[in-house]
Amino acid sequence: MEMARTMILARQFEETLADLVRQQGKIHGMMILATGQEAVGSGVCAALSANDILITNHRSHHHLLARGADPKALMAEIFGKRTGCNKGKSGTLHLAVPEVNALCTTTVVGGGPPIAVGAAFAQQYENREAVTVCFLGDGSTGEGSVHEAFNLAGLWRLPVLFVCENNKYAAAQSYREHTPVDSLAARGAAYGMPGESIDGNDALAVFEATRRARARALAGEGPTLIECLTYRWRGHGETDHQLYQPADEIAAWKKKCPIDRLVNTLREAGALGDADLEAMRATAAEAVADAVRFAEESPWPEPQEALDDVWVA
Ligand SMILES: Cc1ncc(C[n+]2csc(CCOP(=O)(O)OP(=O)(O)O)c2C)c(N)n1
């Protein structure tokens, strides 16, 4: 039920963002959405505990909402307002939400895994009962930094879960154009970690795989690579016309909607009725509308605040 709730919230949050960008012109700059991939964020986060750390990438809204980030603070940040979770300095692409241990969103493709290795090293060094989860895209696995991070994580048996969202595209390049092997999960073996390929549109499968990997990590057995097979319904960003994504491919994946799938499972189990579903949708719609209102009414940062919280090591 909790996974269904966060998936519905993420879908509505992002559909509203698309509208705010495309129809209303109220948010400027690049907008990257994960519509169709919500089972990954929700399935992973449902299996974590409060102390676990999240490192995410440019397609992060569903991860952060599933983790419990406040939709108002996220929306205000995406608008660039002072009340945003990063005081309007990150916008949509560099969201950090320390209150829920989502320490960093990096849009440097392949930049997340080395940071996750550092966070996991600290957890191991201090004997913390916690793991680090790092979300990464299929395209990022072509970056050298990802392989260096996998290597150290395997070598030092760090408590880190690399969750690769294989949504079949890296910007305008299809999986086949950027990767020579069928399975990204198979790459785990090269670094001494198990790799598992799962249906990334099945929230329960994602939850179970995360739970197993987390238990392994806490038992000192090291990292796991989880490849979630899913699909990016929208373009890389909202200015992308998706000319390289075959229309029948998009249509076929929309039939495999991760939200419908979980909702149907819950219905069949007798856990969710029509009224419950309507209530879930209405609560999400209200939360998103509140978030937009809050963001629109919030002040812009003052120019002189630009250098606050900026430091040089
Ligand atoms: C080092 C680096 N190279 C290129 C880019 C431009 N870029 C941003 S997202 C992206 C595609 C990433 O694809 P993938 O890792 O599969 O994630 P997805 O967008 O599919 O979620 C690229 C090339 C970047 N941000 N950083």
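Begin by selecting Asp138 together with the ligand, where an oxygen atom of the ligand is 3.3 Å from a polar backbone atom of Asp138. Keep in mind throughout the tour that this is a predicted model.

**Around the ligand**

With the ligand still on screen, add Gly139 to the selection, and look for a backbone N or O atom of Gly139 that lies 2.7 Å from an oxygen atom of the ligand. Next add Val109, where the partner on the ligand is a nitrogen atom, and a backbone N or O atom of Val109 lies 3.1 Å from that nitrogen. If you now show the surface, you may keep in mind that the ligand on its own has 580 Å² of accessible area, of which the protein covers 70%. The space that the ligand takes up is the largest pocket.

Which residues come nearest to the ligand? Of the 15 residues around the ligand, the ones to select are His58, Arg59, Thr107, Gly139 and Tyr169. If you then colour the whole shell by residue type, you will find five nonpolar residues, seven polar residues and three charged residues.

**A buried glutamine**

Move on to Gln123, which you will find by following helix α5 through residues 112-125. Is Gln123 buried or exposed? Gln123 counts as buried because its relative accessibility is 1%, and a residue is called buried when this value is under 20%. Show the side chain of Gln123 as well, and trace how this side chain reaches the backbone oxygen of Val131 at 3.0 Å.

**Two residues that are distant in sequence**

Now select Asp70, in the loop between α3 (61-67) and α4 (71-79), where Asp70 is partly exposed, with a relative accessible area of 42%. Add Ala291 to the view and draw a line from C-alpha to C-alpha: Asp70 and Ala291 are 221 residues apart in sequence, while in space the two C-alpha atoms are 8.8 Å apart.

**Two positive phi angles**

For the next stop, select Lys168 in the loop between β4 (160-166) and β5 (169-170), and check its backbone, since phi of Lys168 is near 75 degrees, a positive value in a residue other than glycine. Lys168 is partly exposed, with a relative accessible area of 22%.

Finish at Asp309, in the segment after α11 (274-297). Here too the backbone angle deserves a look, as phi of Asp309 is near 65 degrees, a positive value in a residue other than glycine. With a relative accessibility of 57%, Asp309 counts as exposed.

Key
Residues numbered from 1 in each chain as written. Predicted model: local features only at pLDDT ≥ 70, side-chain atom pairs only at ≥ 80, totals over all residues. Heavy atoms only, no water. Near = heavy atom within 4 Å. Polar contact = N/O pair within 3.5 Å; in protein donor to acceptor, adjacent residues only side chain to side chain. Areas by Shrake-Rupley, 256 points an atom, 1.4 Å probe, with all protein chains shown as cover. 1 Å grid on protein atoms, 1.4 Å probe; cavity = no way out; pocket = protein on both sides within 12 Å on 5 of 7 lines; lining within 4 Å. Sits in = over half its atoms within 2 Å of the grid points. Nonpolar A, V, L, I, M, F, W, Y, C, P; charged D, E, K, R; others polar. Helix = DSSP H or I, 4+ residues; strand = E, 2+ residues; numbered from the N terminus. Buried < 20%, exposed > 50% of the residue type's maximum accessible area, 1.4 Å probe, protein only.
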